[in-house]
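Here are a few short exercises on cysteine links. Have a look at the chain first, then work through them.

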Amino acid sequence: MRELVRVEKDRSKHLANHLYPTPSFQFCFIISLITLASFPRQQRLFAMAMAMAKAMAYSVAFFLFLLSQSCPSPSPSQPMLLPPPHPRALPAMVLPLFPSPRNSFTTFSYSSRRLLRSDSNSSHPSARMRLYDDLLSRGYYTTRLWIGTPPQKFALIVDTGSTVTYVPCSACENCGTHQDPKFQPELSSTYHPVKCSLECDCDQDRVQCIYERQYAEMSVTSGVLGEDVISFGNLSELLPQRAVFGCETEETGDLYRQHADGIIGLGRGDLSIVDQLVYKGVISDSFSLCYGGMDVGGGAMVLGGISAPSDMVFSYSDPTRSPYYNIELKEIHVAGKKLALNPRIFDGKFGTVLDSGTTYAYLPEEVFAAFKNAIMKELKSLKQISGPVASYNDTCFSGVSSDVSELSKKFPTVEMVFGNKQKLLLSPENYLFRHSKVEGAYCLGIFQNGVDPTTLLGGIIVRNTLVTYDRKNSKIGFWKTNCSELWERLHVTGAPSPSPSSSSGKDNSTFKMPPTSAPDGTPHYALPGEIEIGAISLDMALSVNYSYLRPRLVQLLEFMAKELDVNGSQVHLLDFTSEGNSSLVRWAIVPSRSATYISNITALNIISRLAEHRVTIPEAFGNYQLVQWEVKPSLTQTWWQQHYLGALMSVIMLIIVGLLASGIWLWRRRHQRLVPYQPVDGTAREHELQPLQS
């Protein structure tokens with residue numbers, strides 16, 4: 001919405017340049033008047049008539065320009081607001097972490113599908129949703145949330161170490177430029193500020209509740225607290241919920257510079273989104289994270305309970321130990337050899353903390369020294385080199401294959417042993433990151449935590465690991481898996497529900513939905529009532545890479561138009577991006593030139609054929625998956641917008657008639673002045689009568 005406002009401001013400025021003449025224009029106009037005054041009177045009348053005609057012509061042209069700006073035609077490429085997801089009683093929700101899958105179209109075994117069942121001790125089914133980003137490109141994982149009515153979209157960092165969810169607000173003058181426009185509370189019909197009370201910190205006027213958070217890298221976010229409807233995406237079965245969040249008015253440091261809009265806080269605390277949903281009774285007291293691997297990224301996040309795999313490794317997590325999620329780490333083994341450390345060293349200050357918002361791992365000084373020495377002893381055959389950034393004393397090694405699957409042949413395995421003697425196996429990708437300047441070189445992603453005795457385990461430690469935060473039973477589970485494919489398993493095998501319209505009830509909302517299952521098990525696709533559809537937007541993933549597909553996009557869209565029985569002019573490419581070794585194509589189908597909208601029956605037929613793979617594409621394009629779809633209602637036009645052409649033609653005809661009448665009047669007046677004028681009482685000249693000739 002903010003982008004649309006910015007466009008309108010630019011447009012107003014552009015119109016102002018036409019409405020207010022420039023100094024050069026004024027000078028030329030004055031010179032023209034002076035020159036015109038020097039002409040004879042008859043020539044001046046004629047010149048003034050011509051000038052009037054030109055002025056009217058320019059006025060018509062400017063009038064046409066105004067109409068073109070005030071009556072834009074609907075375009076499928078214009079962003080429209082997303083509605084909240086469709087409800088289902090007491091669900092959990094899955095928030096996948098923006099995957100870039102290498103093998104997006106794999107056949108999955110029954111053993112992997114058991115993860116899709118809801119917790120056997122809970123009546124809350126799982127929900128599903130697509131997310132983005134990874135450690136490799138950004139240093140964090142993000143999810144998407146929609147806030148307000150109509151919904152405004154935000155990309156938020158998934159952070160188990162934070163207890164507040166915040167987004168930058170329109171009043172924030174000290175906020176950086178982020179992925180999405182700022183939240184505009186004034187545009188949400190369901191937004192309410194949280195009024196000052198004894199339960200919160202208040203602003204200076206003691207009118208509104210405020211918040212402030214400072215993070216480890218010394219960046220700060222602060223603002224006011226607001227309450228609004230929060231939606232979790234089109235694949236979530238969870239009803240949009242009212243929740244309290246931070247409306248940011250100031251940010252500093254990395255928060256100012258980051259690409260993501262804000263943070264979704266998953267920690268323990270009254271403002272945590274997890275605590276708020278658990279308190280409402282809409283999810284069970286559990287959530288899970290699954291981060292993708294070194295080269296792929298992606299994964300999934302589940303709010304609510306899932307059925308844990310039988311071989312998941314658990315550690316006790318004491319909720320009273322610290323405000324963070326901690327585990328009982330007792331030992332670390334490198335290449336099967338235990339480090340000579342006192343187990344109590346892992347219990348300093350906050351203990352051993354899992355923090356999804358931290359990129360790497362940070363160990364107490366003694367632990368880091370022992371770990372680094374043990375790794376170095378196993379890598380005598382590799383050459384140690386400088387890190388990618390000279391100012392950092394990174395420990396890096398060269399002479400290794402660029403293939404991640406080959407790392408285990410050179411680097412040792414690491415094991416973390418918990419208080420119950422269960423072990424979490426770490427592969428090399430769980431403690432290494434690629435050297436950005438030297439091919440085939442890797443650096444340790446585990447560092448000394450300064451003088452802080454806390455053991456801090458960031459996202460790198462749990463790559464390709466499903467981590468379940470079972471808050472109800474005070475334990476955290478770990479299960480090694482391919483998290484990028486886990487998203488595909490969650491997405492493909494589930495049966496998500498459709499999304500309803502925005503709670504505002506406005507007809508110009510965008511309806512974005514996945515397929516749902518009917519009682520008889522057959523899939524069906526529901527629209528929110530009978531609407532006149534202005535565009536169908538389709539996000540389709542294909543199992544071919546970006547460079548291969550790019551020159552064949554036109555051919556693909558032409559094929560789709562033919563298969564779906566629509567005219568080629570109705571199909572438009574909106575976006576084309578790379579998703580690892582796959583590609584994501586966003587395209588739209590608009591009404592034909594002879595129609596003003598697409599019928600519901602036609603739209604449902606198109607969507608169902610694609611979602612159920614009843615459209616067979618050539619093998620050259622690989623396999624496809626309909627990731628999500630939207631229907632955008634046609635814009636409701638005013639009487640003026642519908643009839644402006646007729647009104648315009650009437651105005652032009654009036655101008656032409658006026659010009660003709662003015663021209664005729666001036667011509668007649670000019671010829672009348674050519675007849676000699678004789679006073680009434682003057683002496684008339686007598687003419688001699690000529691005799692008639694016979």
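**Exercise 1.** Is the link of Cys196 and Cys202 right-handed or left-handed?

Solution. Start with the ground rules: this is a predicted model, where local features need pLDDT of at least 70 and side-chain atom pairs count only at pLDDT 80 or more, while totals for chains, interfaces and linings use all residues. Residues are numbered from 1 along each chain as its sequence is written, and side-chain values use heavy atoms, with hydrogens and water left out.
Next, check the bond: the sulfur atoms of Cys196 and Cys202 sit 1.9 Å apart, and a disulfide is a pair of cysteine sulfur atoms within 2.5 Å.
Last, look at the twist: with 90° about the S-S bond, the link of Cys196 and Cys202 is right-handed.

**Exercise 2.** Find out why Cys202 counts as buried.

Solution. Take the cut-offs: buried means under 20% relative accessible area, exposed over 50%, and partly exposed in between (1.4 Å probe, protein chains only).
Cys202 has 16% relative accessibility, so Cys202 counts as buried. Its partner Cys196, at 23%, is partly exposed.

**Exercise 3.** Describe the disulfide of Cys396 and Cys443.

Solution. Begin with the distance: these sulfur atoms are 2.0 Å apart.
The torsion about the S-S bond is about 100°, so this disulfide is right-handed.
Now place the ends: Cys396 lies in strand β20 (residues 396-398) and Cys443 in strand β24 (residues 442-444), distant parts of the chain 47 residues apart. Strands here are DSSP runs (E, at least two residues), numbered from the N terminus.
Finally, Cys396 has 0% relative accessibility, so Cys396 is buried; Cys443, at 0%, is buried too.

Terms used. Helix = DSSP H or I, 4+ residues; strand = E, 2+ residues; numbered from the N terminus.
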